[in-house]
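Thanks for making time this morning. I would like to walk you through some strand pairings, so please have the model open while I talk.

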Amino acid sequence: MPEPLKNLLHEALVGDMADRIVGNASSFDRDRFVSLATYGLPALELMERSALIRDALFATLPDDFPEAAAILKASLPAAGKPGLSGWMLLPVNQFIAARGPDHFELGLDLLKALTPHFTAEYGIRPFIHRDQQRALAIISGWVGDPDRHVRRLASEGTRPRLPWAMRLPQLIKDPAPILPILTALMDDPEDYVRRSVANNLNDIAKDHPDLVAAFIAGHIEGASPERRWLLKHASRTLLKKGHAQALANFGFGAAAALACELRLANGEVLFGEGLDFEIRMTNDGETTQSLMIDYAIHHVKADGSLSPKVFKCKTISLAPGQSHAIERRHAMRPITTRRYYPGEHRIAILVNGAESASQSFVLVMPN
């Protein structure tokens, strides 16, 4: 079993934090910080542990935020000197998120200094929520920063629906203010940054599908392979849903004169094993067709209804009269993001976003 995430914040790490802070603030009460930050720690989950350590920082750093910020900034690694880094900085993020917005520029500057050592995408969001226009004016200046982590923060921190973080309702409603940031970073030399841009656009697509499809259409002509990958990854939700403009952006039109046959090797699947199936596509038309083939598993929910989850399969080009077979196994095993229920499930084959074949199968739970 993998190590629980909560164990990333542990008593030894708290001691290391204290040592790295006290070296830059002689008045810092190391023992009190360690005592407060570890009291009841083992019983807590990850974010609860982080909040406990944050509260210990509240109690032991100066109440004056500029003074506390100076200590924290001096405690970051520099010129080969060890400092606060890695998971130590999750509670520091929370500290800045709580105290920093009252000292706007200083707080954002501290997050900018922090992000090369641990992401600051969580700490930055309360600033955007507090004063979006002011925050984005500062963040926009980071797109040309020489540090790739700072450039990524400009994209990742502004994602409207960043997982595990507070949402940004103003940007969910109107994402237009962050599009210039994403445009500026679209051809960043670092894949690390470009992936963040794609994820940001994919976030936006969940609320504004036509906007993102049009944005992609406006930036795909003459795109480099790197940009084209970014634009396709940004379109993944739209492509799975069969959005017509998104499909057209990548040369996928409505499939015509196409025969799709689905064969199941096992109509009954024991939980923990897998569903084996074959898809056979035949182009009965007169022109070559570009086909994006996905499949959806319609899972049984607790109330007996079905909920689909789309999975990528294969992209092919099929000439007139040509057939192509695809064999797959879909594992039905325990995962943390889904609870499985026994009963009749369904698999559907999606070709260029449209359902082309489907069959039912039964999921059986072991005794």
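Let me begin with one residue pair: Tyr295 has Ile349 in E7 as its bridge partner. This is a predicted model, in which local features need pLDDT of at least 70, side-chain atom pairs count only at pLDDT 80 or more, and totals for chains, interfaces and linings use all residues. Residues are numbered from 1 along each chain as its sequence is written, and side-chain values use heavy atoms, with hydrogens and water left out.

Strand E4, residues 289–300, and strand E7, residues 343–351, run antiparallel and are joined by 6 bridges. By strands I mean DSSP runs of E with at least two residues, numbered from the N terminus, and two of them pair if DSSP finds at least two bridges between them.

E7 also pairs with strand E8, residues 354–364, in the antiparallel sense over 9 bridges, and here Leu350 has Glu355 in E8 as its bridge partner. In the hairpin of E7 and E8, 2 residues lie between the strands, and Asn352 takes a positive phi near 50°.

Now to another sheet, an open one of 3 strands in the order E1-E3-E6, with antiparallel pairing. Strand E1 (258–264) and strand E6 (323–331) each have a single partner strand and stand at the edges, so one side of each is left without a neighbour in the sheet. Neighbouring strands of this sheet are turned by 20° against each other on average, direction ignored, the axes being lines fitted to C-alpha atoms. E1 pairs with strand E3, residues 274–283, over 7 bridges in the antiparallel sense, and Ala259 stands opposite Thr282 in E3.

Definitions and conventions
Helix = DSSP H or I, 4+ residues; strand = E, 2+ residues; numbered from the N terminus. Axes fitted to C-alpha atoms, helices over the stretch in contact; angles between N-to-C directions.
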